[in-house]
Each structure stands twice: as C-alpha cells, then as structure tokens.
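Student: Hey, got a minute to walk through this model with me? I'd like to start with one of the loops and work outwards.

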Amino acid sequence: MSKHPISLTLGQARPNLPDSDLRHCQALIIDTNQASRSLLRSMLSDLGLQNIVQAAKISDARRALETRTFDVVICDYHFDGSDMTGADLLDDMRRAQLLPLSTVFVMVTAEASYVKVAEAAESALDSYLIKPHTANALAERLHLARHRKVVLGPIFEAIEQEQYELAMQRCLQRFHDRGEYWVYAARLGGELLLRLERHDDARKLFEALSETKALPWAKLGIARAQLDGGHPKPARNTLESLLSENPGFADAWDVMGRAQLQSGDFESALETYKQAVALTPASISRLQKAGMLAFYLGHTEEANRVLEKATSLGLSSKMYDHQSLVMLAMLRLAERDSRGLLRCLNDLGHAVMKRPYEPRLQRMKLLVEAMDMALNQRPDEVTRILGGMSREFTWPDFDFEAASNVLSLLARLHDMGMALPEADEWIRIIALRFCTSKASSDMLAITVQAAEEHARLIAQTYQTITDTAEKALTHAKSVSAEEAIRSLLASGSQTGNAKLLDLSDMMMNRYRADIPEAEALAEQITALREQYCRHVLHVQLGSTTGRQAGGLNLRK
C-alpha cells in the first residue's frame with residue numbers, strides 16, 4: 001500500500017464508455033403521477049430511447065434499481081403518500097453501492113424544492129430539472145451528463161478494474177490541470193485516497209477543494225480524513241463548524257455520529273443519528289443506525305419502534321442490514337414473545353438461504369436459534385450453540401458486532417435466570433480481544449449493563465490490557481525493546497487484541513535500529529496485524545460495507 005506523497009505521474013488512458021448517444025440506453029422513470037410518467041416516456045422516446053421502465057412507488061423503484069442496471073434514471077423529487085423524497089432514494093442507493101457511477105441520475109422538482117435538490121446535486125446527482133420543463137431542456141441535461149461520463153471514463157475504467165492507485169493519479173492530474181469536470185474528479189480522488197488509507201493526502205486534497213469552491217462536501221471530506229486518520233477531536237470541530245453553516249446536511253450528521261461513537265460519547269451520538277433520521281425519515285440505513293444505538297443504550301421502546309419501521313420499509317431491500325433482526329429478536333426474547341422471535345428467525349433463515357456462504361448471516365441465525373432455545377427453556381441447547389460459536393471468538397473475521405451480539409445475549413440470559421457455567425470465560429475471551437480502547441470497552445460494558453458482574457469483568461479485562469501495554473513500554477525503555485515487542489506479540493497473537501499488535505508495530509518502528517533480527521520480527525508483526533487489525537474492531541453499528549457517509553461510491 002502506497003504511503004508516498006501525492007504523485008501526478010500518469011499512464012496512458014483510453015476511454016471505453018459510449019458517447020452521449022442515448023439510443024441504446026436503458027432508462028427508469030420514477031414518478032407517482034401517471035401523466036408525468038407518460039410525458040417523460042414520450043420525451044425519452046423522441047430522443048431515441050427504446051428500453052424504458054416506469055415505477056410509480058418507492059418500493060417498485062428500489063426493486064428495479066436493485067435488480068437491473070440503468071444508464072439513465074429520471075426521478076421526481078416528491079412522492080405522494082410517502083415521507084421519502086427522490087433525494088432520499090438516491091442517497092440510500094448510493095450508500096448501498098447499488099447505483100453505478102456510470103448511471104446518469106436526473107431529479108425533477110418544483111421550484112419550492114430547488115434548494116434541497118441543489119444540495120443533492122453536490123453529492124451524487126448528475127443533473128436536475130425545474131418543472132415545467134421542455135423536451136429540449138431534458139435532452140440537454142442528459143447529453144451533458146452522459147458527456148461527463150465519457151470524459152471521466154478512464155477514471156471509471158481504472159476503478160472498475162480495482163486499479164485504485166492509477167484511478168487516483170488520473171483524478172489528481174485532472175485536478176492539477178483544471179481539466180473538464182476537475183472538481184468532480186478531485187472528489188473521486190479524495191475518496192480513492194481514503195480507500196488507500198492515505199488520510200493526510202486526502203485531507204490536503206479536500207482542503208484545497210474547500211478553499212477553491214467552499215463546497216460543504218469538501219469540508220466534510222476534511223472531517224472524514226481526520227476521523228479515519230485517528231483524530232476524532234479535530235474531526236468533531238470541523239463537523240461542528242460545517243453543521244452550524246449547513247444544519248440540513250444529513251451526511252454531516254452521519255459522520256458526526258461516527259466521530260462521537262469513536263470518542264465514546266454514545267448518548268450524543270444517538271441524538272445525532274436521530275437528527276439525521278428527522279432530515280430523512282424514510283432512510284433505511286439511518287433508521288437502523290439510530291435504532292441499533294438506542295438498543296445498545298437500553299432505550300427499549302425507541303429501539304423497537306425505529307427498528308420495526310426500518311424492517312417494514314426495507315426487509316426485502318438489499319439496503320437492509322439483518323443486524324436489525326438480531327436486535328429485534330433480543331427485544332422479543334426480553335418480552336417472552338415466542339411468535340415475534342420466530343418471525344425474526346424465519347426472516348434470517350430466508351436471508352441465509354439467499355446467501356448461504358456468508359459467515360456474518362450464519363452467526364446471526366445461530367444466535368437467534370439460541371434465543372429460541374432459551375425461550376423454550378432448553379439451556380443445554382443454548383450452551384451447545386454458544387459453545388460452538390466460542391471457538392470463533394479469536395478468529396480474524398469475528399468482529400466487534402459479533403462480539404457485542406454474544407455479550408448482549410449472555411446478559412439477557414443472565415437476566416432470565418439462565419446463567420451459563422462458561423459465560424464468564426466467554427466474556428473474558430471476548431473482552432481480551434475487543435477491549436482496544438476506552439470507547440470500545442465502554443460499549444462492550446453497555447451491552448451487558450443488565451448484568452453488573454459482566455460489566456465489571458469487562459472493565460477489569462480492559463485494565464489488564466492497559467497494564468500489559470504500559471509494562472511493555474516501560475520494559476522497552478529500561479531493559480530491552482526486543483523483549484518488550486516479543487512479549488506484546490505473544491499476548492497479541494493469543495488474544496487477537498489489535499491495541500497490543502498496533503503497539504508492537506509502533507515500538508518496532510521506533511527501536512528497529514536496536515534489534516538484531518528486526519526484519520524477521522517485523523514480518524511477524526505485519527502478518528498478525530493483517531489478520532487481526534484489518535477487520536472491524538471499533539465501535540460499529542451494523543454493516544460497514546457500502547458508501548461511507550459523505551463519500552461517493554467507488555463502483556462503475
């Protein structure tokens with residue numbers, strides 16, 4: 001992975017996208033008004049388009065966009081009988097990586113909604129039309145948008161081939177030369193730099209964009225680079241400034257929530273996510289984040305209401321995160337609602353049938369099966385399921401979410417009077433793995449707040465990890481850096497604790513010249529960090545796949 005300063009050396013690029021000829025494009029019209037749909041269809045037909053699909057409902061539009069790829073999408077901003085707007089739909093599709101960069105998305109809006117649509121244009125929209133519009137205006141917008149896809153074709157081509165370094169260099173060259181669509185290219189470049197974990201370079205690029213154009217998303221890019229680079233406090237300062245100027249910028253609230261989570265400010269994060277939901281009340285992803293955090297914090301009624309709404313809106317959608325079903329199942333377990341729990345289990349079963357080789361879903365289903373056994377007073381079966389899962393607690397792909405789910409269930413079983421004999425040992429193994437910061441330890445403690453002794457055990461384990469780290473630092477300074485690093489490696493490999501492994505890497509960089517077998521030791525550190533530090537270890541709410549808030553999806 002490159003860590004060098006930004007370079008503008010480029011290879012030759014050959015565009016491979018079609019020109020702005022629309023005759024072979026597939027189009028989707030999304031509008032609740034039949035007359036408007038018919039008029040738009042007629043206009044598109046006059047432009048030569050033959051493959052045109054229509055959708056009158058949000059659910060129909062989602063289904064179409066999830067199952068087919070369209071070259072052109074024309075979407076009305078307002079939907080009769082729905083809290084969701086066209087901008088909300090666009091945002092959800094982009095966040096779920098279900099709308100390729102090559103798709104032209106045009107929003108149609110009344111004058112009253114112009115400001116909100118213009119804001120959407122800054123993040124993910126290709127163009128917009130003000131009602132009433134002419135056929136010539138539509139044709140001009142489509143041809144210009146398709147032209148942009150052609151101009152930026154070499155960048156999209158490199159992204160599609162996962163040549164992110166090359167794509168980033170092409171973006172930076174266009175930014176440097178102030179070539180056509182240089183602002184959009186630079187934004188893509190910032191996303192690529194974040195993908196390549198070059199956070200400082202990404203921050204500098206977004207700062208240059210912010211100074212040049214004063215765009216809200218550029219300032220948000222600065223905050224994301226600060227946050228991903230391990231600096232949550234400066235990120236929060238940047239976000240506070242941004243939100244004071246743009247209180248309706250939902251993506252900025254999303255990123256603020258993530259910054260507050262990483263800082264351990266959980267109640268503030270919940271209020272922040274609720275603000276994002278208030279701005280976009282039909283956003284499946286935002287509803288789920290608010291509901292999940294409410295669940296962890298013990299706000300049972302709110303968690304139930306919000307997660308039920310998200311499930312009602314999106315269970316059949318690819319945007320839906322099945323972690324919501326796990327939390328709803330735990331709420332049903334607490335209510336002794338066997339029918340409700342069985343519904344959650346059946347829904348998870350259908351998801352596993354569709355994606356049978358996805359470990360995350362398999363673990364979720366097993367956990368809900370254990371809940372069903374608990375509700376039917378079969379503790380031996382519960383022990384068997386959790387005992388089998390315990391072998392995975394130190395597996396590299398067993399992440400913070402999976403750990404939180406197990407801890408939540410153990411706490412609820414304890415509350416039911418079903419204390420399992422191995423529960424304390426399981427909690428200790430999980431805590432040794434995932435107590436990597438005060439924020440992560442506090443969140444783990446919150447998940448077991450119904451059982452005080454469990455929370456106490458997590459706090460004690462975090463103190464053990466902290467003591468181990470401090471002892472290693474002292475030993476390196478006063479006795480032997482090599483011994484200290486080897487001791488950290490031994491503890492890190494046994495527990496899978498990323499804090500200990502990251503500390504060994506930091507110490508290796510500092511004392512490398514003093515260690516005779518530095519290269520061999522460094523290789524061990526790299527191998528272990530590759531295993532245990534690349535998976536999600538921070539506080540997380542649901543899946544981490546898809547577009548990050550405030551970013552562009554890197555998918556052609």
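Tutor: Happy to! Pro-132 is a good place to begin: this residue sits in the loop between strand S5 (127-130) and helix H5 (135-151). Keep in mind that this is a predicted model.

Student: What kind of peptide bond joins Lys-131 and Pro-132?

Tutor: That bond is cis, with an omega of about -10°.

Student: Okay, zooming out for a second. How many helices and strands are in the chain?

Tutor: The chain has 26 helices and 5 strands. Of its 556 residues, 54% are buried.

Student: And among contacts between residues at least 6 apart in sequence, what share join residues at least 24 apart?

Tutor: That share is 67%.

Student: Back to backbone oddities. What is the phi of Tyr-181?

Tutor: Tyr-181 has a positive phi of about 60°, although this residue is not a glycine. You'll find Tyr-181 in the loop between helix H7 (164-177) and helix H8 (182-195).

Student: Why does Tyr-181 count as partly exposed?

Tutor: Its relative accessibility is 25%, and partly exposed covers the range between under 20% for buried and over 50% for exposed.

Student: What about Gln-377, what's its phi?

Tutor: Gln-377 is not a glycine either, and its phi is positive, at about 55°. Gln-377 lies in the loop between helix H18 (359-375) and helix H19 (379-390). With a relative accessibility of 56%, Gln-377 counts as exposed.

Student: Where does Arg-378 sit?

Tutor: Arg-378 is also placed in the loop between H18 and H19. Arg-378 counts as partly exposed, at 41% relative accessibility. In space, the C-alpha atoms of Arg-378 and Met-418 are separated by 9.6 Å, with their positions 40 residues apart along the chain.

Student: Now Asp-337. Where is that one found?

Tutor: Asp-337 is in the loop between helix H16 (323-335) and helix H17 (338-354). The relative accessible area of Asp-337 is 25%, so this residue is partly exposed.

Student: Leaving aside neighbours within four places in sequence, which residues is Asp-337 in contact with?

Tutor: Arg-332 and Leu-375. Asp-337 and Leu-375 are 38 residues apart in sequence, while their C-alpha atoms are 8.5 Å apart in space.

Student: Let's switch to something inside a helix. Is Phe-206 buried or exposed?

Tutor: Phe-206 counts as buried, at 1% relative accessibility. Its place is in helix H9 (residues 199-213).

Student: What is Phe-206 in contact with, beyond its neighbours within four places in sequence?

Tutor: Its contacts are Arg-187, Gly-190, Glu-191, Leu-194, Trp-217, Ala-218, Gly-221 and Ile-222. Take Gly-190: Phe-206 and Gly-190 are 16 residues apart in sequence and 6.6 Å apart in space, C-alpha to C-alpha.

Student: Nice. Can we do helix packing next? At what angle do H11 and H12 pack?

Tutor: Helix H11 (residues 232-245) and H12 pack at about 150°, and their axes are 10 Å apart. That angle makes H11 roughly antiparallel to H12, since the cut-off for that label is over 145 degrees. Their crossing is left-handed.

Student: Which residues meet there?

Tutor: From H11 you have Pro-232, Arg-236, Leu-239, Glu-240, Leu-242 and Leu-243. On the H12 side, they meet Ala-252, Trp-253, Val-255, Met-256, Ala-259 and Gln-260.

Student: Moving along to H13, which residues are buried?

Tutor: In H13, the buried ones are Phe-266, Ala-269, Leu-270, Thr-272, Tyr-273, Ala-276 and Val-277. They are on the same side of H13, because they cover an arc of only 165° around the axis.

Student: What do those buried residues pack against?

Tutor: They pack against helix H12 (250-262), helix H14 (284-296), helix H15 (300-314) and helix H22 (438-447).

Student: What span should H13 have, at 1.5 Å a residue?

Tutor: Helix H13 (residues 266-279) has 14 residues, so the expected span is 20 Å, and its end C-alpha atoms are 20 Å apart, which agrees.

Student: Last one: which residues of H25 are buried?

Tutor: Ala-498, Leu-500, Leu-501, Leu-503, Ser-504, Met-507, Met-508 and Tyr-511. Their cover includes helix H21 (423-434), helix H23 (452-478), helix H24 (481-495) and helix H26 (518-532).

Definitions and conventions. Residues are numbered from 1 along each chain as its sequence is written. This is a predicted model: local features need pLDDT of at least 70, side-chain atom pairs count only at pLDDT 80 or more; totals for chains, interfaces and linings use all residues. Side-chain values use heavy atoms; hydrogens and water are left out. Helices (H or I, at least four residues) and strands (E, at least two) are DSSP runs, numbered from the N terminus. The expected span of a helix is 1.5 Å times one less than its number of residues. Buried means under 20% relative accessible area, exposed over 50%, partly exposed in between (1.4 Å probe, protein chains only). The arc is that of the directions from the helix axis to the C-beta atoms. Contact means heavy atoms within 4.5 Å. Axes are lines fitted to C-alpha atoms, for helices over the stretch in contact, and angles run from 0 to 180 degrees between N-to-C directions. Angles under 35 degrees count as roughly parallel, over 145 as roughly antiparallel, 65 to 115 as roughly perpendicular and the rest as oblique. A crossing is left-handed if the near helix is turned anticlockwise from the far one by less than a right angle, and right-handed if clockwise.
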